[in-house]
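Please review the structure shown below together with this briefing. The notes are grouped by topic for use alongside a molecular viewer.

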Amino acid sequence: MVVVFVLIGVFCCGSAQAQGGGGELLGRVVKEGAKKDAVSLSGLNVSGQNGQLFLTTLKRNLELSGWFQIAGAGAGGGITVNGSAADTGGGVQSNCRVTWGGGQSFTWARASQGTAEVRRQAQELVDEMVRRIRNETGIATSRITFVNRMGSNHAELYVCDADGQGMMQITQDKVALVGPRWAPNKKDILYTSFTKGYPTVLRHTVGGARKTVANFKGLNTGGAVSPDGTRVALILSFEGNPELYVLDYATARVIRMTNTPHGVEASPCWSPDGRSIVYVSDTSRSPQLYLLDVASRQSKRLTYTGSENVNPDWSAKGEIAYATRRGGGYQIAVMDPAKGDASARILTGAPDRSEHPSWAPDSRHLVCSDGSTLYILDTLGDPAVRLINVAGSWISPDWSK
C-alpha cells in the first residue's frame, strides 16, 4: 500500500477516466475574464501554405495568450499587424510591423524553413507582442509534457507546443511511466520509469539521450529539479519508509529531508527561490500539502480543507496550484502559501476529475487533466480551452517554466 500511495500521489488523483461533461465543468470559472486588446491582422498579407500556417498559428496563440482578441474582418483594432508572410517554398519569410497605443511599434523580420520553424516564428512574434504591449511573460514558445496511459502497465511520454500542436512521442518503452517534470533548462524531462522492472527516475533530453538520476534500492520517484538546476527533490525508500530527499547533482550526495515513519511522501515541488519544497504527505491519515523549509528541514501543514489535497505546483509569482477533493470529486485550486488554504480559490466547476495542475510561465494559465484529455485554465477567468483533440488517456501534464 505504501508504494501504491506514492505513485498515485505522483501522477493521479483518481484512476477512473472523466465522464461526459468534463469540459463544461472545467469551463465554469469564477470570473468574467481579463480585458483584451483587439488585434487587426487585415493588413498582414500571406501567401502559400506556409504563409497560411504562420497566420493560423499567430491567431491561435494571440488568443491563447489571454491578452488579445482577433478583430473581425474589416474591423479596426487597437493593435495592428501589417506587412507580409510569404511562402518561400520550404518555409516563410515575414516582414511585419506591429503598432499600438499612440504610435508605439516594432518591426519583425524573420526567415524560417520547415513546418516546425514556421510555427515557431509565429509563436515568437506572439511572445514579443505580449512582452512589449502588455509587459507580461508570453507562453507561446513554451512546451507541455504529458503522459498517454495506454494500459495498466503501459504509458508513454509526449511533448507538444503550448497551443496543442507539434505533438511528439518521446518514449516507446511500453512500460509504466509517471510524473514527468521539466528541468529549468526547458530541454530535459525527469520522470519515473519501470524500464528496469521497478521505479527509477530518469532524465530525458528531448530529441536526445537519457540517463538515470535515481536508482537506489526500493522506490525512486518524484524527481523535481531545483530552480538553479543543481539539486533534485526525490521520494526514496532505500532507508525503509518512503521519504523526501534532495540529491546534489555535483556531489551525488542525498540528504534526507523528512522523517515520517507512519506517513508517506509524494509529489515534491520547489519554490521559485529554491528555499522551500511543497509536497504531499499522509501523516494526518489523508493526503495533504506540507511546506518544507530546505535549510532547517522543518515542515508545516498547509491544507486542512478537503479530504485530499495533492499534485502541487508552484508558480513563478509564488502561488501554489493543486487538486483538492471536495464533494466526492476533484477540483483545481490556487492558494497563497503564506496564508494557507484559507486563501484558496477554486478554478474549476462542480467536483469532477480535474487533476495535475501545472503553471504556465506567465503564472496566469494552468494546464490540467480531466483523466482523458488536457485543458488550459485561466486564473483571470477566461473559459477553459481543450488542448488535446486526439484520442487517448492524456494525463500528468507539466508546463515548461
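The briefing that follows covers domains, helices, sheets, backbone geometry and the largest pocket.

The structure is a predicted model. The chain is divided into domain 1, residues 37-134, and domain 2, residues 216-298. Between the C-alpha centres of these two domains the separation is 44 Å.

**Parallel pairing around strand 1**

- Strand 1 (residues 37-40) pairs with strand 3 (residues 68-70) in the parallel sense, over three bridges.
- Within this pairing, A38 has Q69 of strand 3 as its bridge partner.
- Strand 1 also runs parallel to strand 4 (residues 79-87), to which two bridges join it.
- Here S40 is matched with T80, its bridge partner in strand 4.

**Helices 3 and 4**

- Helix 3 comprises 17 residues, 48-64, and spans 25 Å from its first C-alpha to its last, close to the 24 Å expected at 1.5 Å a residue.
- The buried residues of helix 3 are N50, G51, F54, L55, T57, L58, N61, L62 and L64.
- Just after helix 3 comes G66, with a positive phi of about 85°.
- Helix 4 comprises 20 residues, 115-134, and its first and last C-alpha atoms are 28 Å apart, close to the expected 28 Å at 1.5 Å a residue.
- Buried positions in helix 4 include the hydrophobic-lettered entries V118, L125, V126, M129, V130 and I133, and also R119, D127 and E128.
- N135 follows helix 4 and has a positive phi, near 55°.

**The hairpin of strands 14 and 15**

- Strand 14 (residues 220-225) is mostly covered, since six of its six residues are buried.
- Four bridges connect strand 14 with strand 15 (residues 231-236), and the two run antiparallel.
- T221 has I235 as its bridge partner in strand 15.
- Five residues lie between the strands of this hairpin, and G229 takes a positive phi near 75°.

**The open sheet 18-19-20-21**

- Four strands in the order 18-19-20-21 form an open sheet with antiparallel pairing.
- Its edge strands are strand 18 (265-270) and strand 21 (298-301), each of which pairs on one side only.
- On average, neighbouring strands of this sheet are turned by 25° against each other, direction ignored.
- Strand 20 (residues 288-293) and strand 21 run antiparallel and are joined by four bridges.
- L292 has S299 of strand 21 as its bridge partner.
- S267 is located in strand 18.
- The phi of S267 is positive, near 55°, in a residue other than glycine.
- With a relative accessibility of 6%, below the 20% cut-off, S267 counts as buried.

**The open sheet 26-27-28-29**

- A further open sheet has four strands in the order 26-27-28-29, again with antiparallel pairing.
- Strand 26 (355-359) and strand 29 (385-386) are at the edges with a single partner strand each, so one side of each has no neighbour in the sheet.
- Two bridges link strand 28 (residues 374-378) to strand 29 in the antiparallel sense.
- Opposite Y375 stands R386 in strand 29.
- S363 is found in the loop between strand 26 and strand 27 (365-369).
- Although S363 is not a glycine, its phi is positive, about 55°.
- The relative accessible area of S363 is 9%, and this residue is buried.

**The largest pocket**

- The volume of the largest pocket is about 430 Å³.
- Its lining comprises 21 residues, of which V225, P227, W270, W314 and K401 are the closest to the pocket centre.
- The elements that give two or more residues to this lining are strand 10 (177-182), strand 14, strand 18, strand 22 (308-314) and strand 30 (394-399).
- Strand 18 gives the most to the lining, with three residues.
- Strand 18 is thus described twice in this briefing, as an edge strand of its sheet and as a contributor to the pocket lining.

Terms used. Residues are numbered from 1 along each chain as its sequence is written. This is a predicted model: local features need pLDDT of at least 70, side-chain atom pairs count only at pLDDT 80 or more; totals for chains, interfaces and linings use all residues. Side-chain values use heavy atoms; hydrogens and water are left out. Domain bounds come from an automatic or database domain assignment. Two strands pair if DSSP finds at least two bridges between them. Axes are lines fitted to C-alpha atoms, for helices over the stretch in contact, and angles run from 0 to 180 degrees between N-to-C directions. Buried means under 20% relative accessible area, exposed over 50%, partly exposed in between (1.4 Å probe, protein chains only). The expected span of a helix is 1.5 Å times one less than its number of residues. On a 1 Å grid over the protein atoms alone, a cavity is a set of points where a 1.4 Å probe fits but cannot get out, and a pocket is an open set with protein on both sides within 12 Å along at least five of seven lines; lining residues have an atom within 4 Å of a point. Grid points are joined across faces, edges and corners, and a volume is the space filled by probe spheres set on the points.
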